[in-house]
Amino acid sequence: MDLTELRNANPDHWSKATAIRALTLDAVHAANSGHSGMPMGMADVATVLFEKHLKFDAAAPDWADRDRFILSAGHGSMLLYSLLYLTGSREITLDEIRNFRQWGAKTAGHPENFLAKGIETTTGPLGQGIANSVGFAIAEEAQRARFGKKIVDHHTYVIAGDGCLMEGISHEAIGLAGRLQLGKLIVLWDNNNITIDGTVALSDNTNQVQRFKAAGWHVIEIDGHDPVAIDAALTAARKSRKPSMIACKTHIALGHAAQDTSKGHGALTDEDQLNAAKQAYGWTTGPFVIPDDIKSAWEAIGNRGATERAAWEARLAELPERRRDEFNRAYAFDVPKRLPATIRALKKQASEAAQKVATRKSSEMVLEVVNPVMKETIGGSADLTGSNNTKTGDLGVFSPEDRKGRYIYYGIREHGMAAAMNGMALHGGIRPYGGTFMCFTDYARPSMRLAALMKIPSVFVMTHDSIGLGEDGPTHQPVEHLAISRATPNTYVFRPADTVETAEAWELALTSKNTPSVLSLTRQGLPTVRTEHKQRNLTAQGAYVLAEAEGKRQAILIATGSEVSVAMKAREMLQADGIGTRVVSMPCMELFAEQEEAYRKRVLPAGPVRVGIEAAVRQGWDRWLLGERGRAPKAGFIGMDSFGASAPAEELFEKFGITAEATVAKVRELLG
């Protein structure tokens, strides 16, 4: 690659792109840590994208109708940080660039969405960004159909690398995007043929161009260092009705001694080699110094969208007040004023009817009254619609033919579904929820974790939550999955006992603004345990006294979900023998842990024996059994310590000892 030829062919472009390369080298050198090669290789592509195509305003990085730029190859974070600084971000300052990867800096090792505006999503785990982008593009299509092209009309651009395309989630993402014909999604592939171990050929010989074409994408191949070709490709991609993939043939660590080698992927910190690369670029300033003319040129790019943003704000102001308020409310993640009353009415009806209902069906009952009120919900299922009960009659199906549809058939793509949901939430204005079996949180887990890390309120509807699903057997029966979800920081795990608790859990999930929720729901019917209507949302406390002891309180039974009715039956038996027994329903451990100690002490006082009951492993329960004034000699657990088996649900509960009789025996044992 002749750098002199590149410099001379397009000198203005070259100087702007070189600013990215120089800042990257300086920041990685100062941190003695990071990934230099990708930003150096993709600087030309990024420069053309930001200068000639990306609709944004650096002064308003959260403008709702901006184009979204996603760096799926998140290890190349200095590309994004350089672009933000150069275009005039108020948050990514030169000091932040200097402090790359240091404590307290917004310039984290991989981009984190909540650290600074302009960072659309948290990437680093490869494949996540491109999978998120499908959700961004779905959100744009859905909102354009709802509010009109004058208010919503933007693109989603993604820079992805070989690693993103090797990860399995990328297959799910590109297949879904192709089927849905998301024409405003444009992926720029950094085709540099290098991974950490060496050349791509060491581990893969996939023809990525043919792969994307087979999935229904528009594909263009270009020289990723030719600004004219890059510009033409982006122009063509923006006209396509299909999602576009632009294969950008690039040189990793362009101009450095490590160019086109696996060493070029990582931290290029040798000072002599760094200076030699800058000399080859024709870059003569000191570390972190951007010449005034180049910085001004970049800031002009950052200001380019100001007029367009102002025109958009004027169009938004012209909307009828009600529609404008709806748009702003959805983006603020505020719920409609009618939602609390809607939930209370359903709770009252459920308490009075006292039906035996599977909580997956209870969830559908909630959605039937919520979806007409919250027009921003978009639901879906990973090919388990009839089992997850996530589709209500009013939604319609989101498709190329109907962008107003609010239900997505994700196919057998649990991970892709979860990542797309996250993309919708990150885009703004959408409340996504999606379902699969609780056991398959394993397949969705990386995106569920990132929802928590990114502080977004995605709702994961996980049905068939225990051995209670029955004959499908241990491959489908979750036993450890509640513990895994509860171990994840910033996650609410709801396991409701009946329709009333399910309605309360949904209300909490839909009013959350920065915490994802997992709804663990049964296949089998459960009796209504909340037969006395309470206006207050008791699930919001995490745990509460469902039934008080009569006489001297000697035992406290703590249960979740389907086992609350087991606890209630055991209480009847214990009370009949004169053993005063309190039943505590604990639909959300995380919310209970957030309550003041005085409340927790009222619910779980010292003294009585305690028995936890849940058709899952014990991990996570000892805080409530041994801590919180509990003691090991007076605590027991009724649950699972193995995988399940294939048999009818009733027989499984009996064989694994999750019964009222076993609970009574455990209490008697602890009482001595």
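A crossing of two helices is left-handed if the near helix is turned anticlockwise from the far one by less than a right angle, and right-handed if clockwise. Keep that handy for Exercise 1.

This is a predicted model, where local features need pLDDT of at least 70, side-chain atom pairs count only at pLDDT 80 or more, and totals for chains, interfaces and linings use all residues. Residues are numbered from 1 along each chain as its sequence is written, and side-chain values use heavy atoms, with hydrogens and water left out.

**Exercise 1.** Work out how helices α15 and α16 cross.

Step 1: find α15 at residues 339-353 and α16 at residues 359-370. Helices are DSSP runs of H or I, at least four residues, and strands are runs of E, at least two, numbered from the N terminus.

Step 2: their axes come within 10 Å and cross at roughly 140 degrees. Axes are lines fitted to C-alpha atoms, for helices over the stretch in contact, and angles run from 0 to 180 degrees between N-to-C directions.

Step 3: α15 and α16 are therefore oblique to each other (under 35 degrees is roughly parallel, over 145 roughly antiparallel, 65 to 115 roughly perpendicular, the rest oblique). Their crossing is right-handed.

**Exercise 2.** Lay out the open sheet of 5 strands.

Step 1: the order is β1-β2-β3-β5-β4, with parallel pairing (two strands pair if DSSP finds at least two bridges between them).

Step 2: β1 (68-71) and β4 (218-223) are at the edges with a single partner strand each, so one side of each has no neighbour in the sheet.

Step 3: 6 bridges join β4 to β5 (residues 244-249), and histidine 218 sits opposite serine 244 in β5.
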